[in-house]
Amino acid sequence: MTTGDAHPRETSPRVGGPDAWGRPHSPGTLALSNRLFFAALAILGGTYVVLIVAMLAADAAFMLQQSWSRAMRDPAGWQSVLAHNPMLTALRDPKIQYSIWLSMISCTVTAILSCLVAVPLGYLMSRTRFAGRQLLDAILDIPVVLPPLVIGLSLLILFQYPPWSWTARSIVYQVPAVIVAQWAVASAFAVRTMKSTFDHIDPRCEQVAISLGCNRLQAFAWVAFPEATRGLVTAFTLAWARSLGEFGPLLIFAGATRMKTEVLSTTVFLEMNVGNIEAAVAVSLLMVMAAIVVLVITRVWGASYEETISGHTPHP
Amino acid sequence: MIEMRQVCIRSGAFQLLDISLRIPTAGYAVLMGRTGSGKTTLLEGILGLRPVTSGQIELCGIDVTAHSPALRGIGYVPQDGALFARLTVEEHLAFALRVRHVPAPRRKQRIAELAALLGITHLLPRTPAGLSGGERQRVAIGRALSGQPRVLCLDEPLSALDSQTRSEICQLLRNIQQQTQVTTLHVTHNHDEAETLADHRFELIDGRLHTQ
């Protein structure tokens with residue numbers, strides 16, 4: 001045997017086994033470089049996560065600090081703090097109660113309305129090719145890239161012209177304006193979510209349904225839409241959360257009238273304006289909690305729905 | 001019967017030219033060709049999922065060239081099965097019957113018949129998640145046959161299966177064809193399948209159809 005099986009590197013360096021050219025890395029440096037790679041990913045990505053958590057922690061710390069200094073000042077001590085906690089004080093304020101109520105209602109209505117336009121638009125964009133599709137795609141991005149104040153101003157101007165102006169009296173600076181302003185922005189996010197949801201559903205399934213005798217509506221309702229449920233939950237959540245944080249268009253198009261068009265983001269602004277930072281932070285924390293509750297509910301509901309579907313009949 | 005007369009189908013820059021074929025009633029035809037030779041495009045032309053630029057397609061003596069896919073009455077089994085993720089196996093078998101408003105007792109009877117024929121009675125309450133490759137194809141075949149189509153089109157139905165399952169499904173396809181007398185067009189690139197199943201063999205080379 002002179003083939004060099006025993007000493008491939010010495011006899012045939014170019015045609016030998018995987019190690020014919022020598023090892024690309026020594027085991028030690030390979031493990032180290034892999035560790036360094038993941039450490040770099042974690043550090044770069046982690047800075048953003050740290051920022052988010054730190055912001056929320058700062059809010060909570062500020063509240064605790066305020067409560068502590070009040071406890072020190074007040075002869076009744078901690079009993080007074082518990083009774084006059086900034087969060088509880090905020091919750092007891094009828095103006096803030098109204099703002100919470102309006103926020104919950106308007107965000108929910110907006111999220112439903114957003115899904116109502118997002119499902120058909122997302123499906124059309126995903127499944128059909130037509131002249132002007134690229135233009136439509138660009139138009140749908142406008143609310144995402146436009147400064148929020150500009151959207152509010154544009155809505156205000158739009159309602160100067162018929163047929164919009166016929167309804168202006170009952171919409172502009174009234175409660176419906178809150179929903180219109182939130183909807184104008186939130187829908188764009190819902191549409192994007194639904195389009196990508198339908199993009200990920202194999203159109204072949206609908207083609208099979210059509211070959212089995214379905215019209216397009218039946219193929220959509222019986223095959224595509226049921227598979228898009230998870231995306232719909234995400235679109236709803238995103239639209240809801242987006243609406244909760246909406247402020248610029250609301251300020252211009254709906255105004256910031258207490259007990260009328262005031263939502264939680266407006267409350268934060270109004271409380272800041274009068275120098276009541278404590279109440280502003282308390283309301284901010286309420287918004288954080290509301291957003292977390294909605295996220296958790298929809299995630300848990302989405303996950304349990306998925307489980308019901310896939311676990312419908314467990315594998316024997 | 002499936003008959004194509006001088007059919008041209010365009011798919012982007014690729015086109016199938018002057019395709020003519022005739023598969024007699026209850027015949028089992030196998031269409032072969034290399035990957036990218038246009039087998040699926042031809043099948044989609046017959047199904048009506050892709051418009052033909054010229055020529056004529058007849059199914060059982062009826063010109064269906066201008067018909068919508070929903071009105072052609074073709075059972076279609078795509079490559080990966082394309083099962084409906086949210087429906088149970090039973091709902092898959094009931095799908096074509098539901099579209100046709102078949103009464104529930106008749107529907108149940110048909111599902112039981114089909115499930116027995118395909119050996120999937122034990123799978124009826126399950127969803128596609130967790131079904132094996134062979135089981136998925138049986139369900140896809142059952143779904144295509146439930147409306148009792150006159151024509152069955154199979155697009156590489158065995159390509160993702162192991163050899164044992166492949167020969168089982170081959171045997172099943174043969175049995176089904178003998179029992180139902182459905183005119184079948186089976187697309188594949190596998191010579192063994194063609195040997196086992198074909199009454200008629202066609203091959204697509206460079207966009208043109210050759211009878212073997």
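This passage looks at two interfaces in a predicted model: one between the domains of chain A, and one between chain A and chain B.

Start inside chain A, where the domain assignment gives domain 1 (25–84) and domain 2 (86–312). The centres of these two domains, taken over C-alpha atoms, sit 30 Å apart. Each side puts in 11 residues: 11 from domain 1 of chain A and 11 from domain 2 of chain A. About 900 Å² is buried between the two, with carbon and sulfur atoms giving 66% of that area. On the domain 1 side, the elements that give two or more residues are α2 (27–73) and α3 (78–83) of chain A. The largest share, 8 residues, comes from α2(A). By type, this side of domain 1 breaks down into 6 nonpolar, 3 polar and 2 charged residues. As for specific pairings, 0 salt bridges turn up across this domain interface, and the count of residue pairs in polar contact (both at pLDDT 80 or more) is also 0.

Turning to the two chains, the contact draws 26 residues from chain A and 29 residues from chain B. Here about 2,400 Å² is buried, and carbon and sulfur atoms account for 61% of it. There is 1 salt bridge across this interface: B:Glu44 pairs with A:Arg204, with the closest N and O atoms 2.8 Å apart. There are also 5 residue pairs in polar contact (both at pLDDT 80 or more) between the chains. On the chain A side, α10 (203–211), α11 (216–227) and α15 (277–310) each give two or more residues, and α10(A) gives the most, with 7 residues. That side of chain A is made up of 13 nonpolar, 9 polar and 4 charged residues.

Note on methods
Residues numbered from 1 in each chain as written. Chains lettered and ligands numbered in written order. Predicted model: local features only at pLDDT ≥ 70, side-chain atom pairs only at ≥ 80, totals over all residues. Heavy atoms only, no water. Domains from an automatic or database assignment. Contact = heavy atoms within 4.5 Å. Buried area = accessible area lost by both parts, 1.4 Å probe. Salt bridge = Lys/Arg side-chain N within 4 Å of Asp/Glu carboxyl O. Polar contact = N/O pair within 3.5 Å; in protein donor to acceptor, adjacent residues only side chain to side chain. Helix = DSSP H or I, 4+ residues; strand = E, 2+ residues; numbered from the N terminus. Nonpolar A, V, L, I, M, F, W, Y, C, P; charged D, E, K, R; others polar.
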